[in-house]
Amino acid sequence: MPKIRTTALDGKDKLVADLQRVITDAEELMQATAHQTEGKVVELRDRINENLREARHKLADAEEAIKEKTLEMARATDDYVHENPWSAIGAAAGVGLLVGLLISRR
């Protein structure tokens, strides 16, 4: 189960890290334009600031939900394999056969 868990979480973690990087870049852009005090710029900065705050909260919620769902799926898969080892072996062999056939045709 650890391999299933880490493989599934790696992709999700990369997505979360990418979104966090976008938020950080937007915050840096906000700081870089902090000295501009024109009416439209200030209004736009306030709106972007609020959107970033909401995005951070939603990202944290999404990250937690993704981790919970991934762990739940990994546990279900692990339970199924332990309860039905021969079915799991047969399914894996079938997938391996199909992949082998596809690779050999190229």
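1. Contact here means heavy atoms within 4.5 Å. With that cut-off, and leaving aside its neighbours within four places in sequence, leucine 52 is in contact with Ile23, Ala26, Glu27 and Met30. The model is a predicted one, and the remarks below should be read with that in mind.

2. The overall layout comes before the detail. The secondary structure of the protein consists of three helices and zero strands. Along the sequence the pattern reads α-α-α. Helix H1 covers residues 2-32, helix H2 covers residues 39-83, and helix H3 covers residues 85-105.

3. How do the expected span of helix H2 and the distance between its end C-alpha atoms compare? Helix H2 has 45 residues, and at 1.5 Å a residue these should span 66 Å. The end C-alpha atoms of H2 are 65 Å apart, which agrees with that expectation.

4. Some totals describe the protein as a whole. Of its 106 residues, 10% are buried. The protein exposes about 8,500 Å², and carbon and sulfur atoms supply 60% of that area. Among the contacts with a separation of 6 or more, 72% are accounted for by residues 24 or more positions apart.

5. Leucine 52 is a convenient place to look at one such pairing. This residue is found in helix H2. Leucine 52 has a relative accessible area of 9%, and it counts as buried because the limit for that class is under 20%. Glutamate 27, one of the residues in contact with leucine 52, lies 25 residues away along the chain, and the C-alpha atoms of the two are separated by 7.8 Å.

6. Which residues of H2 are buried? Leu52 is one of them, and the others in H2 are Val41, Arg45, Leu59, Thr70, Ala74 and Asp78. The list thus holds charged residues, Arg45 and Asp78, alongside nonpolar ones such as Val41 and Leu59.

7. Leu52 also belongs to the largest nonpolar core, which has five residues: Val16, Ile23, Met30, Leu52 and Leu59. H1 and H2 each supply at least two residues of this core. H1 gives the largest share, three residues. As general background, nonpolar side chains tend to be buried together in soluble globular proteins.

8. The next topic is charge pairing. Side chains of opposite charge can pair when their charged atoms come close. The count of salt bridges in the model comes to four; three of the pairs are described in points 9 to 11.

9. The side chains of arginine 56 and glutamate 27 form a salt bridge, with 2.4 Å from N to O. Arginine 56 lies in helix H2 and glutamate 27 in helix H1, so the pair ties together parts that are 29 residues apart in sequence. Are these two residues buried or partly exposed? Arginine 56 is partly exposed, at a relative accessible area of 35%, and glutamate 27 is also partly exposed, at 24%. Glutamate 27 therefore appears twice in this note, in a salt bridge with arginine 56 and in contact with leucine 52.

10. Glutamate 63 and lysine 67 make another salt bridge through their side chains, at 3.7 Å from N to O. Both residues lie in helix H2, four residues apart, or about one turn of the helix. Glutamate 63 has a relative accessible area of 21% and is partly exposed. Lysine 67 is partly exposed at 30% relative accessibility.

11. A further salt bridge joins the side chains of glutamate 72 and lysine 69, at 3.9 Å from N to O. These residues are three apart in helix H2, which means that about one helical turn separates them. Glutamate 72 counts as partly exposed at 46% relative accessibility, and lysine 69 counts as partly exposed at 45%.

12. Where is there a nonpolar patch on the surface? Val95, Val99 and Ile103 form one, and together these residues have about 280 Å² of accessible area. Valine 95 is found in helix H3. At 52% relative accessibility valine 95 counts as exposed, because that class begins over 50%.

Methods: Residues numbered from 1 in each chain as written. Predicted model: local features only at pLDDT ≥ 70, side-chain atom pairs only at ≥ 80, totals over all residues. Heavy atoms only, no water. Buried < 20%, exposed > 50% of the residue type's maximum accessible area, 1.4 Å probe, protein only. Areas by Shrake-Rupley, 256 points an atom, 1.4 Å probe, with all protein chains shown as cover. Patch = residues over 30% accessible without salt bridge, like charges linked within 9 Å, V, L, I, M, F, W, Y side chains within 5 Å. Expected span 1.5 Å × (residues − 1). Core = buried A, V, L, I, M, F, W, Y, C linked by side-chain atoms within 4.5 Å.
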